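Open the model in a viewer and keep the selection panel at hand. The stops below cover a pocket and then a pair of helices.

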Amino acid sequence: MTTWTCAGPRRLSWPSGMEPFAKASREKIHAVLLAGLRDADLRPGDRRLRYVLTPRLGRKVLRDAYLPAIAELTPAEVLDLGADTGHLGAGDAVANLAALHEDRLLRPGEYALVLNAGAGFTWSCLVVGAGD
């Protein structure tokens, strides 16, 4: 498991022509995070947000697209659980949910944001919580 520390937006170093994709990705990630929080009646920065689990993508994509968008909204700890599995496609979210449950990462009253991405390109955010 890799734990990321978000220090805020960084200058990106994408290959020529990739900056528009990186920018669009950050915008969509930001949007799905806000939508997930809103739907769960949570606010950015809510102390009950314990973790943000990223899709099991490469480090460069996570560092350049995901981490800046996450850092703008929450100080929650960012977990990359894909070191042993790599990208599982749609299975990233399911594998991350399984790890949350099996490893009992959330305490009662805490929440996690589980981000996912798919071909085509799509972005999603699941908000899960541990019951009291």
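Select helix H1 (19-39), helix H2 (59-73), strand S4 (111-118) and strand S5 (122-129): each gives at least two residues to the lining of the largest pocket. Helices (H or I, at least four residues) and strands (E, at least two) are DSSP runs, numbered from the N terminus. This is a predicted model, in which local features need pLDDT of at least 70, side-chain atom pairs count only at pLDDT 80 or more, and totals for linings use all residues. Residues are numbered from 1 along each chain as its sequence is written.

Next, show H1 and H2 alone. Their axes (lines fitted to C-alpha atoms over the stretch in contact) come within 8 Å and cross at roughly 40°. H1 and H2 are therefore oblique to each other, a term for angles outside under 35 degrees, over 145 and 65 to 115.

Now show side chains at the contact (heavy atoms within 4.5 Å). Among them are Ala22, Ile29 and Leu33 of H1, and Ala65, Tyr66 and Ile70 of H2.

Key. Heavy atoms only, no water. Axes fitted to C-alpha atoms, helices over the stretch in contact; angles between N-to-C directions.
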